[in-house]
Amino acid sequence: MNKLASIISCLVIFLLMSPQSYAADLEGLVSSLKDGGYVIVFRHGATDDSQKDIYPFKFDDMTAQRQLSEKGRDMARKLGAALKKLGVPIGEVYTSRLNRAVETGKLLAGKDVLPVDELTDSGAGSSSAMANPDGKNAKAGRAVRDLVNALPKAGLNNLAVTHKTNVADAFGKEFADIREGEALVYKTSASGPAVLIARVQASEWIALAGS
């Protein structure tokens with residue numbers, strides 16, 4: 001019985017300490033990001049579900065696309081301000097060609113972005129694909145990985161803003177639960193593929209910048 005009590009006590013201590021430990025890990029990550037050499041893959045911000053995409057996509061027609069909600073814009077602004085306050089140097093900003101990703105990228109980086117086909121919704125705007133991305137589009141996945149594996153300019157980090165379907169295609173179905181505004185942080189290397197370092201929620205960057 002005493003052994004069981006000891007195990008429970010240790011578990012409680014671990015659970016109480018884990019948020020602080022994670023915060024320290026995120027601080028360490030931000031410190032590394034200041035030296036550049038990373039690619040941060042974001043899912044676009046929160047959207048207005050009452051709007052629907054029209055396929056084939058009409059990139060210049062805002063009425064034919066699901067747009068960021070005010071909540072999504074506010075989060076992207078706060079996230080961009082947090083990255084700036086934390087001193088994360090940003091190089092190229094690649095986005096999907098759909099406006100919700102373009103707008104997210106601009107609000108994150110505070111500058112113009114580069115919309116590319118590789119990051120454009122591989123689910124073709126389908127609500128069923130968005131709800132249950134299967135990660136089976138190998139061609140789309142390779143295109144995203146090639147972009148993530150590309151080395152940023154010295155001292156900078158590249159951003160890529162895309163969709164849930166593309167993330168699942170590139171990195172596996174286990175990432176199909178990526179939330180709006182969530183980031184996957186990859187360390188690039190001249191000797192091999194980029195390596196996943198962390199998954200970070202938008203609220204975590206913002207909280208760290210405010211601490």
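Here a biologist and a modeller talk through a predicted model and the reasons behind the labels used for it.

Biologist: Let's start with the sheet. In what order do its 6 strands come?

Modeller: The order is 3-2-4-1-5-6, the sheet is open, and the pairing is mixed.

Biologist: What makes strand 3 and strand 6 edge strands?

Modeller: Strand 3 (114-115) and strand 6 (192-200) each have a single partner strand, so one side of each has no neighbour in the sheet.

Biologist: How do you know that strand 2 and strand 3 really pair?

Modeller: Count the bridges. Pairing takes at least two, and 2 bridges join strand 2 (residues 90-95) to strand 3, so they pair; the two run parallel. Within that pairing, threonine 95 stands opposite proline 115.

Biologist: And which strands does helix 6 touch?

Modeller: Helix 6 (residues 164-171) packs on the sheet and touches strand 1 (38-43), strand 4 (157-162) and strand 5 (183-189). Its direction makes about 40° with that of strand 5. Helix 7 (residues 202-210) packs on the sheet too, touching strand 1, strand 5 and strand 6, and makes about 70° with the direction of strand 6.

Biologist: Now strand 5. How do you know that strand 5 pairs with strand 1?

Modeller: Here 5 bridges join them, against a cut-off of at least two, so they count as paired, and they run antiparallel. In that pairing valine 39 stands opposite tyrosine 186. On to strand 6: 6 bridges join strand 5 to strand 6, again antiparallel, and the two form a hairpin with 2 residues between them.

Biologist: Why is strand 5 called mostly covered?

Modeller: Because 5 of its 7 residues are buried. Take tyrosine 186: its relative accessibility is 5%, and buried means under 20%, so tyrosine 186 is buried.

Biologist: Why is the pair of phenylalanine 171 and tyrosine 186 called stacked?

Modeller: The ring centres are 4.8 Å apart, within the 6.5 Å limit, so they pair; the planes are 25° apart, under the 30 degrees for stacking, so the pair is stacked. This pair links distant parts of the chain, with phenylalanine 171 in helix 6 and tyrosine 186 in strand 5, 15 residues apart. Phenylalanine 171 has a relative accessible area of 15%, so it is buried.

Biologist: Then why is the pair of phenylalanine 57 and phenylalanine 59 called tilted?

Modeller: At 5.9 Å centre to centre they are within 6.5 Å, and 40° between the planes is neither under 30 nor over 60, so the label is tilted. Tyr55 joins Phe57 and Phe59 in one aromatic cluster.

Biologist: Are those two phenylalanines, 57 and 59, buried or partly exposed?

Modeller: One of each! Phenylalanine 57 has 15% relative accessibility, under 20%, so it is buried. Phenylalanine 59 has 22%, which lies between 20% and 50%, so it is partly exposed.

Biologist: What makes you say that lysine 187 sits over the ring of tyrosine 38?

Modeller: Its charged end is 5.3 Å from the ring centre, and the limit is within 6 Å, with a direction check on top. Lysine 187 also stands opposite valine 195 in strand 6.

Biologist: Last one: why is helix 3 called largely enclosed?

Modeller: Because 9 of the 11 residues of helix 3 (residues 99-109) are buried. Among them are Arg100, Val102 and Leu108. The cover includes strand 1, helix 2, strand 2, strand 3 and strand 4.

Note on methods. Residues are numbered from 1 along each chain as its sequence is written. This is a predicted model: local features need pLDDT of at least 70, side-chain atom pairs count only at pLDDT 80 or more; totals for chains, interfaces and linings use all residues. Side-chain values use heavy atoms; hydrogens and water are left out. Helices (H or I, at least four residues) and strands (E, at least two) are DSSP runs, numbered from the N terminus. Contact means heavy atoms within 4.5 Å. Axes are lines fitted to C-alpha atoms, for helices over the stretch in contact, and angles run from 0 to 180 degrees between N-to-C directions. Rings of Phe, Tyr and Trp (its six-membered ring) pair if their centres lie within 6.5 Å; planes under 30 degrees apart count as stacked, over 60 as edge-to-face and the rest as tilted. Buried means under 20% relative accessible area, exposed over 50%, partly exposed in between (1.4 Å probe, protein chains only). A charge sits over a ring if NZ of Lys or CZ of Arg is within 6 Å of the ring centre and within 35 degrees of the ring normal.
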